Amino acid sequence: MEETDREAVATAVQRVAGMLQRPDQLDKVEQYRRREARKKASVEARLKAAIQSQLDGVRTGLSQLHNALNDVKDIQRSLIDVNKDWRQSINTIENLKDVKDAVVQHSQLAAAVENLKNIFSVPEIVRETKDLTEQGELLQAHRKLMDLECSRDDLMYEQYRMDSKNTHDMNLIDVYFGDMQKLSEELAKQLWMVVQRSLVTVRRDPTLLVSVVRIIEREEKIDRRMLDRKKQTGFIPPGRPKKWKEKMFNILDRTVTTRIEGTQADTRESDKMWLVRHLEIIRKYVLDDLLVAKNLMVQCFPPHYDIFKKLLSMYHQALSTRMQDLASEDLEANEIVSLLTWVLNTYKSTEMMGNSELAPEVDVNSLNPLISQNVVDQLLSKYMSTLTSNIIGWLRKALETDKKDWIKETEPEADQDGYYQTTLAAIVFQMFEQNLQVAAQISEDLKMKVLLLCLQQMNSFLTRYKEEAQLYKEEHLKNRQHPQCYVQYMIAVINNCQTFKESIISLKRKYLKNEMEEGLSSSHANMDVILDTIAKEGCSSLLDEVFMDLEPHLNELMTKKWLAGSNAVDTICVTVEDYFNDFARIKKPYKKKMTVEAHRRVVVEYIKAIMLKRISFKNAEERKEGAERMIKEADQFRFLFKKLAAGSGEDTEGLCDIIVAIAEVIKLTDPSLLYLEVSTLVSKYPDIRDDHISALLTVRGDASRDMKQTIIETLDQGSSQPNPNYVPIFKEITVPSLSVQKLLK
């Protein structure tokens, strides 16, 4: 208390000090005193009121506690009195056991009396119920059946209460109501028939379906009531619980499964498109059924049945089982594609589960896959294996068919530009296109695998194509009269190479992603090499054909007959031009190369004729005549190949200039200038060899052995700077030795 007083005094001192900080505030001391007195009086009044309130509350609490104590004492006394009365009445209760038994018996008799009318009318009610069931009056039939069951159940329950071990009486009641069980089964059959046809019934007679659902709901309520009574008493009537709701869903499930399986109308033996038809029928049926269920059936069932969701689950499960069964069969490649396309794409597309009329109840993103990824992978693996063997077979068959065309006596077809071609490239790439389009329907990954497979098999196929073209040439060389259209079909083979190239590029551009192209560049380059080789060998074989016909005329060159005025070169030009009329049907890239090669070979053969030393000019006049003839014939060749190469942009002058240069050496009249002329020739054509110079001087006929030796040795000591654009030609020309020359003669 002393400490509290001290704190109060200290606080008061601080307040007074705060009030009297300036001299002028001393005048207000009396005013401050009155204000503080008022505050003190107010606080004291509030404190007295609070204490008085607390005292009143304590007084009331004590009064209530006193009353409660008196009440407890009164209750205690009453309980003592009740205990005394209970102990005195125990013997009296035991004496009332007979009364209790009489009450039970009375209640049973009362129940029997109450059901007596129903008991005696059981046969009549059974007949009426049966008639109503047959007439389709299901609700009325069920009402009477419920009355019968209620009578039986009440009697059996009373019997059970009276003597639960008396099975004889229980069996007697059960036998008496035996026909009722048959009625229940008959009614159930009618219900299940309606349930099985519910998708049809709901469109024709929805009230019938509603009646069935009402009956099932009644039975469900009875089942629940019987089960509750069993928990309390241990008694449950025979045949309960019926579980008709569960049976209804089982029937619907079996109906859905049967409907899915029953859509297969054909087999592979009767129709190659059996699976496509089967899947399309399934799609149509499932979509129609779900639309009916969503728009009509949901109105016939209570909301808690969630009938549409359950039907959707049933259809999905039935479809999954059916797809698994189909996947386990020995499917062909096209059937695997049809199945996977349907499972992976069609099922969730707008044509089926993604249909806008099924939304929002059906969410395709929440649907589980119809078949597992493992099964999908197995099917894809089998498809790729089957497709590989099929493509190999198709390519082999296409090549065999094309080979048969090669020996026909009619010319091959031409495209719109007049180029010869066969149907091989079109057949091959049409097959590739079809398989790629099919694969694209399944997945992007499968499309890439099929594209890689096609390109891989194309590589192998082109190797076989090259071999067959070579065999075709060899067979022709055995008998040049057969096949009759050898040249035309060889042109078609060459053109096919260009078509293959263009088709490969088109295929890759259409189906190949840019990031994948680098991985296939080596394969593409390899195919280009094979195609160029086939075309090159084809062009070479055609030129061989030309030069075999030219051989007799080439043999006349640089002979006495030639010098006397042979028309061998005229014949050569006419023959080449005639062949190139056919070669005009070769596509440009290869025709251009072929023209250049023909030009080169003609010049090479002409120079070979010079180097064979078939003639040796006797005098300057013969040399002049021969040289001028050579220049004239070079002009003929130049004109011919310029005409054949028209529009190609090729330089056709250089090759014929070699003949002119050689003619200038032969034409030279001053032997002292021979070295200079020969050195000029060597500087232009640095691949010319000593034996070539020796043969050329021999043809001139005026150079002694010493002169030849001197010229050759002098040329060997010099050095020449070859033209970088010059393509060596003399390296292909062999000068026969003396012994060989004699043999040739």
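Contact here means that heavy atoms lie within 4.5 Å of each other. The structure above is a predicted model, and these exercises walk through some of its residues.

## Exercise 1: The surroundings of Leu387

Task: Find where Leu387 lies, decide whether Leu387 is buried or exposed, and list what Leu387 touches.

Solution:

- Step 1. Start with the element: Leu387 is part of helix H14.
- Step 2. Next comes the accessibility. Buried means a relative accessible area under 20%. Leu387 has 1%, so Leu387 is buried.
- Step 3. Setting aside residues up to four places away in sequence, the contacts of Leu387 are Trp394, Asn435, Val450 and Leu453.
- Step 4. Take one of these partners, Asn435. Along the chain, Leu387 and Asn435 are 48 residues apart, while their C-alpha atoms are 8.7 Å apart in space.

## Exercise 2: A loop between two helices

Task: Look at the loop between H13 and H14, and describe Val362 and Pro360 there.

Solution:

- Step 1. Mark the ends of the loop: helix H13 covers 333–346 and helix H14 covers 373–406, with Val362 in the loop between them.
- Step 2. Check the accessibility of Val362. The value is 8%, therefore Val362 counts as buried.
- Step 3. Look for partners beyond four places in sequence: Val362 is in contact with Phe308, Leu312, Met353 and Leu367.
- Step 4. Now try a distance. Val362 and Leu344 are 18 residues apart along the chain, and 17 Å separates their C-alpha atoms.
- Step 5. Pro360 is also found in the loop between H13 and H14. The peptide bond leading from Ala359 to Pro360 is cis, and its omega is near 0°.

## Exercise 3: Another cis bond and two positive phi angles

Task: Locate the cis bond at Pro483 and the positive phi angles of Lys243 and Lys613.

Solution:

- Step 1. His482 and Pro483 are joined by a cis peptide bond with an omega of about -5°. Pro483 sits in the loop between helix H16 (444–478) and helix H17 (486–511).
- Step 2. Lys243 is not a glycine, yet its phi is positive, near 55°. Lys243 belongs to the loop between helix H9 (206–233) and helix H10 (244–261). With 44% relative accessible area, Lys243 is partly exposed.
- Step 3. For Lys613, phi is near 55°, again a positive value in a residue other than glycine. Lys613 is placed in the loop between helix H21 (588–611) and helix H22 (620–644).

## Exercise 4: Following salt bridges

Task: Work out which parts of the chain are tied together by the pairs Glu219 with Arg240 and Glu468 with Lys403.

Solution:

- Step 1. The model has 34 salt bridges. One of them joins the side chains of Glu219 and Arg240, at 2.7 Å from N to O.
- Step 2. Glu219 is in helix H9 and Arg240 is in the loop between H9 and H10, so this pair ties together parts 21 residues apart in sequence.
- Step 3. Both ends are buried: Glu219 has 0% relative accessibility, and Arg240 has 10%.
- Step 4. Widen the view: Glu219, Asp223, Arg240 and Lys242 form a linked network of salt bridges.
- Step 5. Turn to Glu468, whose salt bridge with Lys403 has its closest N and O atoms 3.0 Å apart. Glu468 lies in helix H16 and Lys403 in helix H14, so the pair ties together parts 65 residues apart in sequence.
- Step 6. Compare with the cut-offs: Glu468 at 19% counts as buried, whereas Lys403 at 24% is partly exposed.

## Exercise 5: A salt bridge inside one helix

Task: Describe how Glu280 and Arg283 are placed in helix H11.

Solution:

- Step 1. Glu280 and Arg283 form a salt bridge, with 2.8 Å between the closest N and O atoms.
- Step 2. The two residues are three places apart in helix H11 (residues 274–295), which means about one helical turn separates them.
- Step 3. Glu280 is partly exposed at 38%, while Arg283 is buried at 15%.

## Exercise 6: Two surface patches

Task: Identify the residues that make a positive patch and a nonpolar patch on the surface.

Solution:

- Step 1. Positive charge gathers in a surface patch of Arg34, Arg35, Arg38 and Lys39. Arg38 belongs to helix H2 (residues 29–95), and with 56% relative accessibility Arg38 is exposed.
- Step 2. Val16, Leu20 and Leu26 make a nonpolar surface patch of about 250 Å². Val16 is in helix H1 (residues 2–19) and counts as partly exposed at 44%.

Conventions
Residues are numbered from 1 along each chain as its sequence is written. This is a predicted model: local features need pLDDT of at least 70, side-chain atom pairs count only at pLDDT 80 or more; totals for chains, interfaces and linings use all residues. Side-chain values use heavy atoms; hydrogens and water are left out. Patches are made of residues with over 30% relative accessible area and no salt bridge: like charges are joined within 9 Å, nonpolar side chains (Val, Leu, Ile, Met, Phe, Trp, Tyr) within 5 Å. Accessible areas come from the Shrake-Rupley method with a 1.4 Å probe; for residues, only the protein chains shown count as cover. A salt bridge is a side-chain nitrogen of Lys or Arg within 4 Å of a carboxyl oxygen of Asp or Glu. Lys and Arg count as positive and Asp and Glu as negative; His and the chain ends are not counted. The place of a charge is taken as NZ of Lys, CZ of Arg, CG of Asp or CD of Glu. Helices (H or I, at least four residues) and strands (E, at least two) are DSSP runs, numbered from the N terminus. Buried means under 20% relative accessible area, exposed over 50%, partly exposed in between (1.4 Å probe, protein chains only).
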